[in-house]
Amino acid sequence: MKAKAAAQVQRALQERIDIVPYDPTWPARFEAEAAELRRLLPSELVGRIEHFGSTAVPGLAAKPIIDMMVEVPSLAVVAQRIAPILTPLGYEFFWRDAERGLPGIAYAWFIKRDAEGHRTHHIHCLEARSSEWERLLFRDYLRAHPEAAREYDALKRRIAERHPDDRVAYSKAKTGFVRRVMDAVRRESTR
C-alpha cells in the first residue's frame, strides 16, 4: 500500500506543467464538479466549496486544472468517509502526514482525471479553521488588480518553461510573488 502511494505521489510530482490561455468554461467546470461532489457526498461532510487558483481569475493563463477548496468537518473524516466514496470513482487521494511516523493528516486532497488521464480538478479538503482559506484572498486580489494578474501570468509562463516536469520547483519559484501579494492584501485590510 505504501509503495503504491509513493508511486502515485512521484507520478503526480513529475507530470508536465502546461500553462494555457484563460478558458471561459473554467467557472462552469468548477460549478459542475461542485454539484457532483454535493451529489456524491453526504451533506454533513461538505460545507462551502470555493473555486480558487488561476482558473478562478478571469483572463489569467493557468494549468487547465480546476482548483477547489471543500470544507470538511475534519481531515480524519476525509480519510475515513470521503476517500472511500471518491477513490472507487477514480479520484486519487493524497495526504500529508501531520508528523512523520505519527498518526494524523496535516493536509488532504484529491486529483480527478479525464478519460485520457489528464488532470481536470484538484480538490483540497480543508477544515473551517484552516489557514489555507487565505488562498481566497490571493484569488480576490488578482481579480481586483489586473496588473498583478498580468505579472503573475508572465511569471508562471517563465517558470513552466524552466521547470516543465518539476511541480515542486514550479511551486517554489512562485513563492516570492505570492508572499508579496499576501503582504499587499494584509496592508490593504488594515487601511
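This passage describes helix packing, salt bridges and two residue environments in a predicted model.

Helix α4, which spans residues 135–144, is a good place to start. Its buried residues are L136, F138, R139, Y141 and L142. The cover over these buried positions includes strand β1, strand β2 (66–71), helix α5 and helix α7. Two of these neighbours, α5 and α7, are helices whose packing against α4 can be described in some detail, beginning with α7.

Helix α7 runs over residues 175–189, and its axis comes within 10 Å of that of α4. The two axes cross at roughly 85°, so α4 and α7 are roughly perpendicular to each other. On the α4 side, the contact is made by L137, F138, Y141 and L142. These residues meet F177, V178, V181, M182, A184, V185 and E188 of α7. By class, the residues of this contact comprise 10 nonpolar, no polar and 1 charged.

The packing of α4 against α5 can be read in the same manner. Here the axes come within 5 Å and cross at roughly 110°, which makes α4 roughly perpendicular to α5 as well. From α4, the residues F138, Y141, L142 and A144 take part, and they meet P146, A148, A149 and Y152 of α5. The contact of α4 with α5 holds 8 nonpolar residues, with no polar and no charged ones. F138, Y141 and L142 thus appear in the contact with α7 and also in the contact with α5, and each of the three is buried.

Helix α3 (residues 75–86) offers a view of how burial is arranged around a helix axis. Its buried residues are L75, V77, V78, I82, A83 and L86. They cover an arc of only 155° around the axis, so they lie on the same side of α3. A helical repeat helps in reading such a pattern: an α-helix has 3.6 residues a turn, so residues three or four places apart point the same way.

Charged side chains form another layer of the picture, with 16 salt bridges in the structure. Side chains of opposite charge can pair when their charged atoms come close. One of the salt bridges joins K112 and E33, with an N to O distance of 2.6 Å. K112 belongs to strand β4 (residues 102–113) and E33 to helix α2 (residues 26–40), so this pair ties together parts that are 79 residues apart in sequence. The partners differ in burial class: K112 counts as partly exposed at 22% relative accessibility, whereas E33 is buried, with a relative accessible area of 3%.

A second salt bridge brings the discussion back to α4. E50 and R139 meet through their side chains at 3.3 Å, N to O. With E50 in strand β1 (residues 49–52) and R139 in helix α4, the pair ties together parts that are 89 residues apart in sequence. E50 is partly exposed at 21% relative accessibility, while R139 is buried at 9%. This pair also belongs to a network of salt bridges that links E50, R139, D140 and R143.

E134 and R186 form a further salt bridge, in which the closest N and O atoms are 3.0 Å apart. E134 sits in the loop between β5 (119–126) and α4, and R186 sits in helix α7, so to speak linking distant parts of the chain that are 52 residues apart. Both partners are partly exposed: E134 has 35% relative accessibility, and R186 has a relative accessible area of 40%.

Two individual residues complete the description. Y107 lies in strand β4 and is buried, with a relative accessible area of 6%. Leaving aside residues up to four places away in sequence, Y107 touches L75, F94, W95, R96, H124, L126, E132 and R135. L75, one of these neighbours, is among the buried residues of α3. For F94, the separation from Y107 is 13 residues along the chain, and the C-alpha atoms of the two are 8.3 Å apart.

D153 is found in helix α5, which covers residues 146–162. At 13% relative accessibility, D153 counts as buried, since the cut-off for that class is under 20%. With residues up to four places away in sequence again left out, D153 touches G59, L60 and A61.

How values were computed:
Residues numbered from 1 in each chain as written. Predicted model: local features only at pLDDT ≥ 70, side-chain atom pairs only at ≥ 80, totals over all residues. Heavy atoms only, no water. Buried < 20%, exposed > 50% of the residue type's maximum accessible area, 1.4 Å probe, protein only. Helix = DSSP H or I, 4+ residues; strand = E, 2+ residues; numbered from the N terminus. Arc of directions from axis to C-beta. Axes fitted to C-alpha atoms, helices over the stretch in contact; angles between N-to-C directions. Parallel < 35°, antiparallel > 145°, perpendicular 65-115°, else oblique. Contact = heavy atoms within 4.5 Å. Nonpolar A, V, L, I, M, F, W, Y, C, P; charged D, E, K, R; others polar. Salt bridge = Lys/Arg side-chain N within 4 Å of Asp/Glu carboxyl O.
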